[in-house]
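Hi everyone, thanks for coming. I'd like to walk you through one structure today, so have a look at the screen.

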Amino acid sequence: MAETETDTANLAPRELVTEIERTRDELARTIDEIADRVSPAKVMERTSAQVREKISEIDPLIGGAVALAAVSVTAYLIWRKVRR
């Protein structure tokens, strides 16, 4: 049997219920935190924030050149696909 922080064998029934409710609340919070960490929407939100932060640190001239290159490549790929 797993050991806990309290010795539940010596608790009164009301105290035992209180301990169970506290444990249940902690478990619910833990599950919510895990769900938040693995949620695709939350992962995308955190990743987007990190990318925006990194982009804001880039020199505007370099950032503009990279953006222009990305748009150019995308436009070329679309044009090539439409042309077929």
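**Overall layout**

Okay, starting at the N terminus, the elements of the protein run α-α-α. That's three helices and zero strands. Helices here are DSSP runs of H or I with at least four residues, strands are runs of E with at least two, and both are numbered from the N terminus.

Before going further, a word on where this comes from: it's a predicted model, where local features need pLDDT of at least 70 and side-chain atom pairs count only at pLDDT 80 or more, while totals for chains, interfaces and linings use all residues. Residues are numbered from 1 along each chain as its sequence is written, and side-chain values use heavy atoms, with hydrogens and water left out.

So how spread out is the protein? Its radius of gyration is 27 Å, well over the 12 Å that the globule rule gives for 84 residues, so it's more spread out than a compact globule. That radius is taken over C-alpha atoms, and the globule rule is 2.2 Å times the number of residues to the power 0.38. Along the principal axes, the C-alpha atoms fill a box of roughly 80 × 35 × 20 Å. And of the 84 residues, 1% count as buried. Buried means under 20% relative accessible area, exposed means over 50%, and partly exposed is in between, with a 1.4 Å probe and protein chains only.

**Salt bridges in α1**

Now for the charged side chains. How many salt bridges are there? The count comes to four, taking a salt bridge as a side-chain nitrogen of Lys or Arg within 4 Å of a carboxyl oxygen of Asp or Glu.

Let's look at Arg 22. Glu 19 forms a salt bridge with Arg 22, and their closest N and O atoms are 2.5 Å apart. These two sit three residues apart in helix α1, which covers residues 13-38, so about one helical turn separates them. Arg 22 also meets Glu 26 in a salt bridge, at 2.4 Å from N to O. Glu 26 and Arg 22 are four residues apart in α1, so again we have about one helical turn between them. Put together, Glu 19, Arg 22 and Glu 26 are linked in a network of salt bridges.

Which of them are buried, and which partly exposed? Glu 19 counts as buried, at 16% relative accessibility. Arg 22 is partly exposed at 33%, and Glu 26 is partly exposed at 34%.

**Where α1 meets α2**

Moving along the chain, helix α2 covers residues 40-57, and α1 packs against it at an angle of about 60 degrees, with the axes 5 Å apart. That makes α1 oblique to α2. The axes are lines fitted to C-alpha atoms, for helices over the stretch in contact, and angles run from 0 to 180 degrees between N-to-C directions. Under 35 degrees counts as roughly parallel, over 145 as roughly antiparallel, 65 to 115 as roughly perpendicular, and the rest as oblique.

Which residues touch? Asp 36, Arg 37 and Val 38 in α1 meet Pro 40, Lys 42, Val 43 and Arg 46 in α2, with contact meaning heavy atoms within 4.5 Å.

Here's another salt bridge: Asp 36 and Lys 42 meet at 3.9 Å, N to O. Asp 36 is partly exposed at 32%, and Lys 42 is partly exposed at 33%.
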